[in-house]
Amino acid sequence: MYRKIYSARQIIYVNLLNIKLIPYWHSVLSIPKILRCYFLYDRKLLSALGRFGWEELKLYFKKAVKGKNAFPAAAISIQNFGDFLGFNPQMHILISDGCFHENGTISISPDIDTAALEQIFRHMVFKIVFG
């Protein structure tokens, strides 16, 4: 995971359009090789991966910000590169570094615990594959 740093050109363009800069994270989550065959033969698992991934991230950020009615924003893309021998499903995530409130403000989350997110993702993959 890495935090996005804005360039001077992006800041000037955003100021011209009167848009607020929102900090965000980019993360790539990959499936372990031994479990990839399940996703190769049952493509419905890939859509479940994105759906469960969003639910888990939403819960994690809501707990980190501790705001009532606060919601993170995210874009999740499932990509499956490779062929039969090199099938590699991945989940690319762009997620806001905090949560939005109903009044339009944003609460920035504290530092993300990547070890905790890894455990959540691992549990989610096992729950999807083995029911």
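Mentor: A nonpolar core is a set of buried residues such as Val, Leu, Ile and Phe that are joined through side-chain atoms within 4.5 Å. Please keep in mind, as we apply this idea, that the model in front of us is predicted.

Trainee: Which residues have the most contacts inside the largest nonpolar core here?

Mentor: The largest core has 26 residues, and those with the most contacts inside it are Ile31, Phe39, Leu49, Phe61, Phe121 and Val125. At least two residues of this core come from each of α2 (36-41), α3 (44-65), β4 (88-96) and α4 (114-130), and the largest share, 8 residues, is supplied by α3.

Trainee: What is Val125 in contact with, once its neighbours within four places in sequence are left aside?

Mentor: With those neighbours left aside, Val125 is in contact with Ile31, Leu35, Phe39 and Leu49.

Trainee: How should I read the chain as a whole, and in what order do its elements run from the N terminus on?

Mentor: It helps to count the elements and then to follow their order. The chain has 4 helices and 6 strands, and from the N terminus on these elements run β-α-β-α-α-β-β-β-β-α. Among the contacts with a separation of 6 or more, 64% are between residues 24 or more positions apart.

Trainee: How many of the 131 residues, as a percentage, count as buried?

Mentor: A residue counts as buried when its relative accessible area is under 20%, and 31% of the 131 residues of the chain meet that condition. The chain exposes about 8600 Å², of which carbon and sulfur atoms supply 59%.

Trainee: How many aromatic pairs does the count come to, and why is the pair of Tyr38 and Phe130 called edge-to-face?

Mentor: Two rings pair if their centres lie within 6.5 Å, and planes over 60 degrees apart count as edge-to-face. By this rule there are 3 aromatic pairs. The rings of Tyr38 and Phe130 have their centres 5.5 Å apart and their planes at 75 degrees, so this pair is edge-to-face. The pair links distant parts of the chain, since Tyr38 is in helix α2 and Phe130 is in helix α4, 92 residues apart. Tyr38 is partly exposed, with a relative accessible area of 36%, and Phe130 is also partly exposed, at 49%.

Trainee: Are Tyr60 and Phe61 buried or exposed?

Mentor: Tyr60 is buried, with a relative accessible area of 17%, and Phe61 is buried, with a value of 0%. Tyr60 and Phe61 form an edge-to-face aromatic pair, at 5.6 Å centre to centre and with 85 degrees between the planes.

Trainee: Which residues do ring pairs link into a cluster?

Mentor: Ring pairs link Tyr38, Phe126 and Phe130 into a cluster.

Note on methods: Residues are numbered from 1 along each chain as its sequence is written. This is a predicted model: local features need pLDDT of at least 70, side-chain atom pairs count only at pLDDT 80 or more; totals for chains, interfaces and linings use all residues. Side-chain values use heavy atoms; hydrogens and water are left out. Buried means under 20% relative accessible area, exposed over 50%, partly exposed in between (1.4 Å probe, protein chains only). Contact means heavy atoms within 4.5 Å. Accessible areas come from the Shrake-Rupley method with a 1.4 Å probe; for residues, only the protein chains shown count as cover. Rings of Phe, Tyr and Trp (its six-membered ring) pair if their centres lie within 6.5 Å; planes under 30 degrees apart count as stacked, over 60 as edge-to-face and the rest as tilted.
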